[in-house]
Amino acid sequence: MITRTLLVLFLLLFSSHTWAGDVIKVGVMHFPPWSIIEGTEVRGADQELAAKIFDRMGLEPEYVHLTFNEILEGLKNGEIDIASGLLYRSHRDKFIQFISPPVRVRSPKAFYLLRSADFTIENYTDLLGMKIGVSKGAKYFPVFDVDHRVYKVASSSTLFSFNKLLKGEVDVVISTESGGDYHVSELGIEDKVRKAKFRYDPKSTPVYYGMSRKSRYIDRHEEFGALLRFVQGNGVQESVLKKYLGPEAGLYTP
């Protein structure tokens, strides 16, 4: 009760700050349902939740449309202030301030292949020797990321990887499951693409918002984290997740 009261007072304090009009640059890519770009509109679970936090901080988001690899570079050189959907890696920690708590605690990875394929993927070893479509700069899970027995074909986005799959340029596409399922539906290729039986889904895979260590807002990362903790505790995040994920929202709530 005391903690919640302090958080409420904290919110009231910062809502009265004179930060209004300050712009925070947000690196975004089409990564549904977490970040959805439709023309000039940016929405999605991560972006809608962040927008609520920015509003409390008196910040106006300016969305910078980039590939995932460009987002990492933007965070590294300070050209963007913040991004979402980041997995912790020690080398990234040198230029990204991972904001605690994580925005979600699961990030299952799935593999997609053509329905006409004459092979199956029932366990990890079935991937060996295959050409696998990946997003440039992305990390998936430790064993896969360093395994040279699989040939990784990098594209600027998962969407382009699916296009390569349809053209026969890769055998399999790896994707965060929620995003992969969305892309298959978005492209209308359910009759051409199927999901493999094997998937990577550990009990916990924390996913974070990350702020550039060169951002002019870096000294406010703890404020962002405190507000994130508040919206997680009062049901706001759950409501946002249900909007985009329906009944599966509870699987991702910290």
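The points below concern a predicted model and take up its sheet, the helices packed around it, and a few single residues.

1. The open sheet. Five strands make up an open sheet of mixed pairing, and their order is 9-8-10-7-11. Strand 9 (151–155) and strand 11 (193–200) are the edge strands; each has a single partner strand, so one side of each has no neighbour in the sheet. From one strand to the next the twist averages 35°.

2. The pairing at strand 9. Strand 8 (residues 131–135) and strand 9 run parallel and are joined by five bridges. One register point can be given by name: Lys131 has Tyr151 in strand 9 as its bridge partner.

3. Helices on this sheet. Helix 5 (residues 158–167) lies across strand 7 (109–114), strand 8, strand 9, strand 10 (172–176) and strand 11, and runs at about 160° to strand 10. Helix 6 (residues 177–187) also packs on the sheet, where it touches strand 7, strand 10 and strand 11. The direction of helix 6 makes about 120° with that of strand 10.

4. Thr158. This residue belongs to helix 5. Is Thr158 buried or exposed? Its relative accessible area is 8%, and Thr158 therefore counts as buried, the cut-off being under 20%. Apart from neighbours within four places in sequence, Thr158 is in contact with Ser135, Val173, Ser175 and His183. Of these contacts, Ser135 falls in strand 8 (residues 131–135), while Val173 and Ser175 fall in strand 10 (172–176). His183 falls in helix 6 (residues 177–187).

5. Leu128. The loop between strand 7 and strand 8 holds Leu128. With a relative accessibility of 30%, Leu128 counts as partly exposed. Which residues does Leu128 contact, leaving aside its neighbours within four places in sequence? They are Asp147, Arg149 and Val150. Between Leu128 and Tyr151 there are 8.2 Å in space, C-alpha to C-alpha, for a separation of 23 residues in sequence. Tyr151 is the residue already named as the bridge partner of Lys131.

6. Strand 5. Six of the six residues of strand 5 (residues 82–87) are buried, so the strand is largely enclosed by the rest of the structure. Strand 5 runs parallel to strand 1 (residues 22–28), with two bridges joining them. Four bridges join strand 5 to strand 12 (residues 207–212), and here the strands run antiparallel. Ile82 takes part in both pairings: Ile82 is the bridge partner of Val26, and Ile82 stands opposite Met211 in strand 12.

7. His221. Helix 7 (residues 221–233) includes His221. His221 has a relative accessible area of 19% and is classed as buried, because the limit is under 20%. Not counting residues up to four places away in sequence, His221 touches Gln97, Ile99 and Met211. Met211 is also the residue of strand 12 that stands opposite Ile82.

8. Helix 2 against helix 7. The axes of helix 2 (residues 45–57) and helix 7 come within 10 Å and cross at roughly 120°. The two helices are therefore oblique to each other. Helix 2 passes helix 7 in a right-handed crossing. On the helix 2 side the contact consists of Leu49, Ile53, Phe54, Arg56 and Met57; on the helix 7 side, of Glu223, Phe224, Leu227, Leu228 and Val231. By class, the contact of helix 2 with helix 7 has eight nonpolar, no polar and two charged residues.

9. Helix 2 against helix 8. Helix 8 (residues 236–245) packs with helix 2 at an angle of about 150°, the axes lying 9 Å apart. Why do helix 2 and helix 8 count as roughly antiparallel? Their angle is about 150°, and angles over 145 degrees are classed in this way, so the pair is roughly antiparallel. This crossing, too, is right-handed. Ala45, Glu48, Leu49 and Lys52 of helix 2 meet Val236, Gln237, Val240, Leu241, Lys243 and Tyr244 of helix 8. The contact of helix 2 with helix 8 divides into six nonpolar, one polar and three charged residues.

10. A shared residue. Leu49 of helix 2 is listed in the contact with helix 7 and also in the contact with helix 8.

Technical notes: Residues numbered from 1 in each chain as written. Predicted model: local features only at pLDDT ≥ 70, side-chain atom pairs only at ≥ 80, totals over all residues. Heavy atoms only, no water. Pairing = 2+ DSSP bridges. Axes fitted to C-alpha atoms, helices over the stretch in contact; angles between N-to-C directions. Contact = heavy atoms within 4.5 Å. Parallel < 35°, antiparallel > 145°, perpendicular 65-115°, else oblique. Left-handed = near helix turned anticlockwise from the far one by under 90°. Nonpolar A, V, L, I, M, F, W, Y, C, P; charged D, E, K, R; others polar. Buried < 20%, exposed > 50% of the residue type's maximum accessible area, 1.4 Å probe, protein only.
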